[in-house]
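Student: Hi, I have a model open and would like to talk it through with you. Could we start with a spot on the surface and work inwards?

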Amino acid sequence: VSTQSTGLYGAIITATPPYQGKVSPCGISQGWVWLSRVLNMQPIPDISATVLHAFLVTASHGMFRKYGAQFMKVLDFMHRVYLPKLEEVSESFGPATRLKLFLEKAIRDRSFPTPDGVITEHIIPI
């Protein structure tokens with residue numbers, strides 16, 4: 001799994017369908033399922049931290065808008081419980097450190113910038 005494909009998945013699940021009244025088959029609830037499944041697995045050295053970071057960079061804005069306090073609880077769990085497990089198995093410091101810094105800033109600021117390249121629903125004609 002590459003960071004690009006994980007980021008793309010995050011973008012797909014948070015995208016607004018271009019036509020009113022339509023529901024995406026890959027909606028944000030699927031992102032919640034994916035995230036919970038990854039967090040319930042044993043961490044894979046460097047890979048788990050890398051894919052989680054790539055996903056959160058792209059999807060956290062939409063996940064926070066949709067799930068609010070529940071999403072913050074998941075981030076807190078990642079920081080307190082999952083991150084130490086990641087750091088135990090990490091073969092290098094980079095991926096776990098990037099994830100740690102992202103989580104610390106997200107928890108502290110409770111702010112998630114709109115990811116680059118987001119297309120608003122007003123761009124696509126109906």
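Student: Where is the place of Ile-44?
Tutor: Ile-44 sits in the loop between helix H2 (28–39) and helix H3 (47–67). Helices here are DSSP runs (H or I, at least four residues), strands are E runs of at least two, and both are numbered from the N terminus. One thing to say early: this is a predicted model, where local features need pLDDT of at least 70 and side-chain atom pairs count only at pLDDT 80 or more, while totals for chains, interfaces and linings use all residues. Residues are numbered from 1 along each chain as its sequence is written, and side-chain values use heavy atoms, with hydrogens and water left out.

Student: Does Ile-44 count as buried, exposed or partly exposed, and why?
Tutor: Ile-44 counts as partly exposed because its relative accessibility is 36%. The cut-offs are under 20% relative accessible area for buried and over 50% for exposed, with partly exposed in between (1.4 Å probe, protein chains only).

Student: Which residues make the nonpolar surface patch?
Tutor: Met-41, Ile-44 and Ile-47 make a patch of about 260 Å². Patch residues have over 30% relative accessible area and no salt bridge; nonpolar side chains (Val, Leu, Ile, Met, Phe, Trp, Tyr) are joined within 5 Å, and like charges within 9 Å. The areas come from the Shrake-Rupley method with a 1.4 Å probe, and for residues only the protein chains shown count as cover.

Student: Anything odd about phi of Asp-46?
Tutor: Phi of Asp-46 is near 65 degrees, a positive value in a residue other than glycine. Asp-46 is also in the loop between H2 and H3, and with a relative accessible area of 14% it is buried. Arg-110, in the segment after H5, has a positive phi too, about 50 degrees, and is not a glycine either. Arg-110 is partly exposed, because its relative accessibility is 44%.

Student: Let's zoom out. How many helices and strands are there?
Tutor: The protein has 5 helices and 0 strands, so from the N terminus the elements run α-α-α-α-α. Buried residues are 33% of the 126 residues.

Student: And what's in the largest nonpolar core?
Tutor: That core has 23 residues, and Leu-35, Leu-52, Leu-56, Leu-75, Met-78 and Leu-99 touch the most other members. H2, H3, H4 and helix H5 (94–109) each give two or more residues to this core, and the largest share, 8 residues, comes from H4. A nonpolar core here is a set of buried Ala, Val, Leu, Ile, Met, Phe, Trp, Tyr and Cys residues joined through side-chain atoms within 4.5 Å. In soluble globular proteins, nonpolar side chains tend to be buried together.

Student: What is Leu-75 in contact with?
Tutor: Leaving aside neighbours within four places in sequence, Leu-75 is in contact with Leu-56, Leu-103, Ala-106, Ile-107 and Phe-112. Contact means heavy atoms within 4.5 Å.

Student: And Ser-60, buried or exposed?
Tutor: Ser-60, in helix H3, is buried, with a relative accessible area of 2%. Beyond its neighbours within four places in sequence, Ser-60 contacts Phe-55, Phe-71, Phe-102 and Phe-112.

Student: New topic: how many salt bridges?
Tutor: There are 3, a salt bridge being a side-chain nitrogen of Lys or Arg within 4 Å of a carboxyl oxygen of Asp or Glu. Arg-80 and Asp-76 form one, at 2.7 Å from N to O; both lie in helix H4, 4 residues apart, about one turn of the helix. Asp-109 pairs with Lys-105, closest N and O atoms 3.1 Å apart, and with Arg-108, at 3.0 Å. Shared partners join Lys-105, Arg-108 and Asp-109 into one network.

Student: Last one: where is the pLDDT lowest and highest among the elements?
Tutor: Helix H1 (residues 3–14) has the lowest mean pLDDT, 63, and helix H4 (residues 69–89) the highest, 95. pLDDT is the predictor's confidence in each residue, from 0 to 100. The protein averages 82, with 72% of the residues scoring at least 70. Over residues 122–126, pLDDT stays under 50. Where pLDDT is low, the predicted coordinates should not be read in detail.
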